[in-house]
Amino acid sequence: MAQAGVRTIETGWDMLAANPRLVVAVAGGALALVAALALYRRLRRAPGERFRSLLAGRESISVLLHPNPDADAMAAGIAVAELAESVDTDTVVQYTGQVRRQENRAFRTVLDVELDRIDHVSDLAAEAVVLVDHNAARGFAGADGVLPFAVVDHHPGEGGGEAYTDVRTDYGATASILAEYFRDTGATPIPPDAHETEVTGATLSTRTATGLLYGIISDTNRLTRGASAADFAAAAYLQPGVDEDNLERIADPAVSTEALDVKARAIAGREVRGSFAVSDVGRVSNVDAIPQAADELVGLEGVTAVVVLGEREGTVHLSGRSRDDRVHMGRALEAAVDDVNDASAGGHARMGGGQIGPQITADGSEAVSVLGRDELIDRLFDAMDGER
Ligand SMILES: [Mn+2]
């Protein structure tokens, strides 16, 4: 028996020796197997682990939020920063535009989020740019030329990262993806009353856990709109680490007197035709109050689409909301002002906005708008009706 085995081996060697091509084929096959095994191992690693080791390979990164960042974008930003700093990668969280809306401002203040505002591609803090909550850089000079290092997002789009792309359009929030990354790396959320030193191994700070949960809550309208099982699971994972007092401070920031006043004016002064409403709130000193009033108005019984308009320093600001599938608000606003000088408007199906700049009248004096308010209001109703 043993002899037969030896003979087989010898025969094998003879065959190889007689056929050098076979040697090449066997060696090539073995190499391919090793490579396939390595690739399989790499792919089998959870996305969070893969993302973290990619970050570890960079000295510094810029985490870029979308223009006018919301809570989900800021939450994802501080989460990537925490993950990166756990592997000693320097991080700057950057954005363009403004942090608008009271909840977003409260988020930034309560969680003490450090954000660096940029206007130009040269302001980016690092060569490696990680995009969160959007998948193609936009909103600043030179944005077109940015080739991101990595992308983590839940919006549809063509954008991707050079080294890493994780876009999950079935998720309600980017924050849920980041929560999974921490879970993938075995991080334990630190309860708000515990000290970090009491927890051994990888951790998730209370600040980031609270921010991520708020990101999920705000992007899914408190888990009632577009929330997947993964968003619920992410919220459950974060829960032990959440500081409820801070969460409440973000969710219900004290409403400023003017914002309340503008909401009251929008409700009292609304003109209703069918299930649509338009309200002119007159002059405002803070234009943020206009979209907030629109949010309030579209929540009224029987109203399915609204536009609120107000004026600041000669410019008329429009903000529309629709929960009516027949009204694409962005397109309706665009249609309402398409032939007006120095006007722009647009947006999504459910929300849109626009501005009409100060108009110069025939005698050279500056008027608020050549378009009379009554005519503008008629146009807005027509546009919502699909008649423009
Ligand atoms: Mn989002």
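The following dialogue explains how to read several features of a predicted model.

Visitor: Which domains does the assignment give for the protein chain?

Guide: A domain assignment divides a chain into stretches. Since this model is predicted, the division is read on predicted coordinates. The assignment gives domain 1 as residues 50-251 and domain 2 as residues 257-384. Taken over C-alpha atoms, the centres of domain 1 and domain 2 are separated by 32 Å.

Visitor: In what order do the strands of the sheet with parallel pairing stand?

Guide: A sheet is read across its strands, from one edge to the other. Here six strands form an open sheet in the order β3-β2-β1-β4-β5-β6, and the pairing is parallel. The edges are held by β3 (116-117) and β6 (164-167); each has a single partner strand, so one side of each lacks a neighbour in the sheet.

Visitor: How many bridges join the strands β2 and β3, and how many join β1 to β4?

Guide: Bridges give the register of a pair, residue against residue. Strand β2 (residues 90-95) runs parallel to β3 and is joined to it by two bridges; Y95 stands opposite R117 in β3. Between β1 and β4, also a parallel pair, there are four bridges, and S62 has V129 of β4 as its bridge partner. Three bridges then join β4 to β5, again in parallel, with V132 opposite V152 in β5.

Visitor: Why is β4 described as largely enclosed?

Guide: The burial of a strand is judged residue by residue. Five of the five residues of β4 are buried, so the rest of the structure largely encloses this strand. The side to which each residue points can also be given: A128, V130 and V132 point one way from β4, V129 and L131 point the other way, and all are buried.

Visitor: Which strands does helix α3 lie across?

Guide: Packing of a helix on a sheet is described by the strands involved and by an angle to one of them. Helix α3 (residues 47-56) lies across β1 (60-64), β5 (150-153) and β6, and runs at about 145° to β6. Helix α4 (residues 71-85) also packs on the sheet; α4 touches β1, β2, β4 (128-132) and β5, and its direction makes about 170° with that of β2.

Visitor: Is P47 in helix α3 buried, exposed or partly exposed, and what is the count of other C-beta atoms within 10 Å?

Guide: Exposure is assigned here from a neighbour count. P47, which lies in helix α3, has 15 other C-beta atoms within 10 Å and is partly exposed, because buried residues need 20 or more and exposed ones have 12 or fewer. Apart from neighbours within four places in sequence, P47 is in contact with D166, Y181 and D184. P47 and A251 are 204 residues apart in sequence and 30 Å apart in space, C-alpha to C-alpha.

Visitor: At what angle do the axes of helix α6 and helix α7 cross?

Guide: A helix pair is read from its axes, its handedness and its contact residues. The axes of helix α6 (residues 174-184) and helix α7 (residues 206-219) cross at roughly 145° and come within 8 Å. The crossing of α6 past α7 is left-handed. On the α6 side, A175, S176, L178 and A179 meet L212, G215 and I216 of α7. By class, this contact has five nonpolar, two polar and no charged residues.

Visitor: What is the pairing in the open sheet β9-β10-β11-β12-β14-β13?

Guide: Strand order and strand direction are separate items of a description. This open sheet of six strands has mixed pairing. Its edge strands, β9 (271-273) and β13 (343-347), each pair on one side only. Neighbouring strands are turned by 15° against each other on average, direction ignored. Six bridges join β12 to strand β14 (residues 351-356) in an antiparallel pair, and R321 has M351 in β14 as its bridge partner. Helix α10 (residues 257-268) packs on the sheet and touches β10 (276-283) and β11 (305-312), its direction making about 135° with that of β10. Helix α12 (residues 329-337) touches β11, β12, β13 and β14, at about 165° to the direction of β13.

Visitor: Is S322 buried or exposed, and which residues is S322 in contact with?

Guide: S322 lies in strand β12 (residues 315-322). S322 is buried, because 25 other C-beta atoms lie within 10 Å. Leaving aside neighbours within four places in sequence, its contacts are T304, A305, V327, M329, A349 and R350.

Notes: Residues are numbered from 1 along each chain as its sequence is written. This is a predicted model: local features need pLDDT of at least 70, side-chain atom pairs count only at pLDDT 80 or more; totals for chains, interfaces and linings use all residues. Axes are lines fitted to C-alpha atoms, for helices over the stretch in contact, and angles run from 0 to 180 degrees between N-to-C directions. A crossing is left-handed if the near helix is turned anticlockwise from the far one by less than a right angle, and right-handed if clockwise. Two residues are in contact if their C-beta atoms, placed from the backbone, lie within 7 Å. Ala, Val, Leu, Ile, Met, Phe, Trp, Tyr, Cys and Pro count as nonpolar, Asp, Glu, Lys and Arg as charged, and the others, Gly among them, as polar. Domain bounds come from an automatic or database domain assignment. Two strands pair if DSSP finds at least two bridges between them.
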